[in-house]
Amino acid sequence: MSQDQPRRPEQGQAGREPIKYGDVFPVSGDLASKPVAPQDAAMMQTAETVVFGQTQKGGPAAVMQSAATRNARAGLVGRRDATDVAADQGVTVTEANVPGQRIVTESVAGLLKNRSQNHSLQILMEVVGQYVEPKPVQHVAPAAVVEQGTLTIGEALEAAAQTVGDKPVDQGDAAAIQAAEVRATGSNVISPGGLAASAQSAAAHNEGVDRDEDKIKLGAVLTGATDKLPADKVATRQDAEGVASAELRNNPDLVTQPGGVAASVAAAARLNEAVNL
């Protein structure tokens, strides 16, 4: 059973005005007036994939992707645009287990004006979807979770394989995967045949190949990442920053891939912080 189901964007909404969060979700405050942007959708896709192993059919990520795609096609947002509140505060997917039930809540950070005299702004997590299940939903590779409710670097890499598995491996991906492996294992030694070595080999191979269909994809490298890593750990903000820095340094455009390695580790770290609040 689910509650607070998002509304599908209507065809006529993507005309002169962009589809806003308030058009498809029961949100208020600053977020309601913001257009749904492609990077917001990518963040929620990554968060859902980290938690569920895939995006949820008809869930917030799917609705956000549909709205963002229409906004981008209409030229109302750029394909690399992100809503300021989502970019600053991120998105979260949290779960709470109570006797006989599992409650999953998906949120986007927003701002709500305080009614006090100084009119200060408060950060508000705007709920865009909530699901109440009578039985626990199985995670992908549940044995890899180090602590209940927390997510590891290996699981974040597997989420990237699900989200952008068809993307050819480039030097930015390889550097991010190497940084992730180093942080997961606590060792700077790159294991022969391991994730980092495979990613570096794939990136080098792809540089000499013209057609994308002949290139080695991220999915081939990252699928089963938790089993390929000699050790694993819970993803932290420091891990996310280190992986993002490596990906940025090795990307000619100085950007990270939406839903990619850095984005997935960042999503896992953010979700872990939410669990520990």
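**Exercise 1. What volume does the largest pocket have?**

Before starting, some ground rules. This is a predicted model, where local features need pLDDT of at least 70 and side-chain atom pairs count only at pLDDT 80 or more, while totals for chains, interfaces and linings use all residues. Residues are numbered from 1 along each chain as its sequence is written, and side-chain values use heavy atoms, with hydrogens and water left out.

Step 1. The largest pocket comes out at about 910 Å³. A pocket here is an open set of points, on a 1 Å grid over the protein atoms alone, where a 1.4 Å probe fits, with protein on both sides within 12 Å along at least five of seven lines; lining residues have an atom within 4 Å of a point. Grid points are joined across faces, edges and corners, and the volume is the space filled by probe spheres set on the points.

Step 2. Now look at the lining, which has 32 residues; Met43, Ala87, Gly90, Ala266 and Arg270 are the closest to the pocket's centre.

Step 3. Two or more lining residues come from each of helix H3 (38-52), helix H5 (84-89), strand S2 (91-98), strand S4 (121-133), helix H11 (237-249) and helix H12 (261-275). Helices (H or I, at least four residues) and strands (E, at least two) are DSSP runs, numbered from the N terminus. H12 gives the most, with 8 residues.

Step 4. Sort the lining by type and you get 18 nonpolar, 9 polar and 5 charged residues. In this sorting, Ala, Val, Leu, Ile, Met, Phe, Trp, Tyr, Cys and Pro are nonpolar, Asp, Glu, Lys and Arg are charged, and the others, Gly among them, are polar.

**Exercise 2. Work out how H11 sits in the structure.**

Step 1. Check the span: the 13 residues of H11 should cover 18 Å at 1.5 Å a residue, and the end C-alpha atoms are indeed 18 Å apart. The expected span is 1.5 Å times one less than the number of residues.

Step 2. List the buried residues (under 20% relative accessible area; exposed is over 50%, partly exposed in between; 1.4 Å probe, protein chains only). In H11 they are Asp239, Ala240, Gly242, Val243, Ala246 and Glu247.

Step 3. Look down the axis of H11: these buried residues fall within an arc of 165°, so they line one face of the helix. The arc is that of the directions from the helix axis to the C-beta atoms.

Step 4. Zoom in on Ala246, which is buried at a relative accessible area of 4%. Its C-alpha is 5.3 Å from that of Ala176, though the two are 70 residues apart in sequence.

**Exercise 3. Which side chains does Lys167 contact, and how does H7 begin?**

Step 1. Find Lys167 in the loop between helix H6 (153-164) and helix H7 (171-185). With 17% relative accessibility, Lys167 counts as buried.

Step 2. The Lys167 side chain makes polar contacts with the side chains of Asp170, at 3.0 Å, and Asp173, at 2.6 Å. A polar contact is a pair of N or O atoms within 3.5 Å; within protein, one must be able to donate a hydrogen and the other to accept it, and residues adjacent in sequence count only if both atoms are side-chain atoms.

Step 3. Asp170 also caps the N-terminal end of H7, with a side-chain oxygen 3.0 Å from the backbone nitrogen of Gly172.

Step 4. Follow H7 to its other end: just after the helix, Gly186 has a positive phi of about 75°.

**Exercise 4. Is Leu254 buried or exposed, and what is its phi?**

Step 1. Leu254 sits in the loop between H11 and H12. At a relative accessible area of 60%, Leu254 is exposed.

Step 2. Its phi is near 55°, a positive value in a residue other than glycine. For background, most residues other than glycine have a negative phi.

Step 3. For contrast, try Phe25, in the loop between helix H1 (21-24) and helix H2 (29-32). Phe25 is buried, with a relative accessible area of 1%.
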